[in-house]
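Please open the model in your viewer and keep the selection panel at hand. The tour goes from one selection to the next and says what to look for at each stop.

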Amino acid sequence: LGSQRPDAARRAANSAAIACACVMLPVGLLAGVFAEPLLSLFTSDATILSSATRYLQINAAVFTLMGCEVVYDGAFAGSENTRAVLWVGATLNLLRLPAAYVLSLSMGIDGVWVAIALTTAVKAVYKALCFFRQPLRGERERFRWQWVPTPWEL
């Protein structure tokens, strides 16, 4: 773990998340605003274009969080705690199915896209909280937020 300096590793992960957010925010805005022209480069089918445009517009709202999720996935891997990434990712990805079903009953296909966006946002925030909370190799103890259960404690 980075020269046995957990404080430096934690700062590096946080800096990377901030940098990623700074990049992904304008990318998400552009993708949301210009979704249809961008997607028309790949298809001319009106049905596919309509559905894909809504998907991109809805999920562009969480591009920043998607990027941060990937950063914290890497931070967990670097700290040799891949179990947390597996449990959080797998659990929330599985929760997409019932969420997508329920939301699609009232919103149609947009409900599926919203379920994907919501679970992505929850995964990103939860992984960040877990990373802040986990003790890294070389740290004696890390403060405990009792309201943030972590997968390695379950």
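What follows is a walk through a predicted model, stop by stop.

**Helix α4**

Begin by selecting helix α4, which covers residues 63-78. At 1.5 Å a residue, the 16 residues of this helix should span 22 Å, and since its end C-alpha atoms are 23 Å apart, the two values agree. Now colour the buried residues of α4, which are F63, G67, C68, E69, V71, Y72, A75 and F76, and then show the helices that these buried residues pack against, namely α1, α3, α5 and α6. Just after α4, select E80, whose phi is positive, near 60 degrees.

**The largest nonpolar core**

Next, turn to the largest nonpolar core, which has 14 residues, and select A13, A17, Y72, A75, F76 and F131, the members that touch the most other members. Helices α1 (6-33), α4 (63-78) and α6 (109-133) each supply at least two residues of this core, and the largest share, five residues, comes from α4. If you centre the view on A17 and set aside its neighbours within four places in sequence, you will find A17 in contact with C68, V71 and Y72.

**The aromatic rings**

How many aromatic pairs does the structure hold? There are four aromatic pairs in the structure, and one of them joins Y72 and F131 in a tilted arrangement, with 5.6 Å centre to centre and 45 degrees between the planes. Because Y72 lies in helix α4 and F131 in helix α6, this pair ties together parts that are 59 residues apart in sequence. Y72 is buried, with a relative accessible area of 5%, and F131 likewise counts as buried, at 2% relative accessibility.

Keep Y72 selected and add F132, for these two residues form an edge-to-face pair, 6.1 Å centre to centre and with 65 degrees between the planes. Here too the partners lie in helices α4 and α6, so the pair of Y72 and F132 ties together parts that are 60 residues apart in sequence. F132 is partly exposed, with a relative accessible area of 25%. Adding F76 to the selection completes the view, since Y72, F76, F131 and F132 form one aromatic cluster. Before leaving, show R10 as well, whose charged end sits over the ring of F131, 5.4 Å from the ring's centre.

**The salt-bridge network**

Now select E69, D73, K123 and K127, which are linked in a network of salt bridges. The side chains of K123 and E69 meet at 3.2 Å, N to O, and because K123 lies in helix α6 and E69 in helix α4, this pair ties together parts that are 54 residues apart in sequence. Are K123 and E69 buried or exposed? Both K123 and E69 are buried.

E69 also forms a salt bridge with K127, the closest N and O atoms being 3.0 Å apart, and this pair links E69 in helix α4 with K127 in helix α6, 58 residues apart. K127 in turn meets D73 in a salt bridge of 2.7 Å, N to O. K127 is buried, with a relative accessible area of 2%, whereas D73, at 22% relative accessibility, counts as partly exposed.

**A last stop in α3**

Finally, select N59, which has its place in helix α3 and is buried, with a relative accessible area of 0%. Leaving aside its neighbours within four places in sequence, N59 is in contact with M66, W113, I116 and A117.

Key:
Residues numbered from 1 in each chain as written. Predicted model: local features only at pLDDT ≥ 70, side-chain atom pairs only at ≥ 80, totals over all residues. Heavy atoms only, no water. Core = buried A, V, L, I, M, F, W, Y, C linked by side-chain atoms within 4.5 Å. Buried < 20%, exposed > 50% of the residue type's maximum accessible area, 1.4 Å probe, protein only. Helix = DSSP H or I, 4+ residues; strand = E, 2+ residues; numbered from the N terminus. Contact = heavy atoms within 4.5 Å. Phe/Tyr/Trp six-rings, centres within 6.5 Å; stacked < 30°, edge-to-face > 60°. Lys NZ or Arg CZ within 6 Å of the ring centre and 35° of its normal. Expected span 1.5 Å × (residues − 1). Salt bridge = Lys/Arg side-chain N within 4 Å of Asp/Glu carboxyl O.
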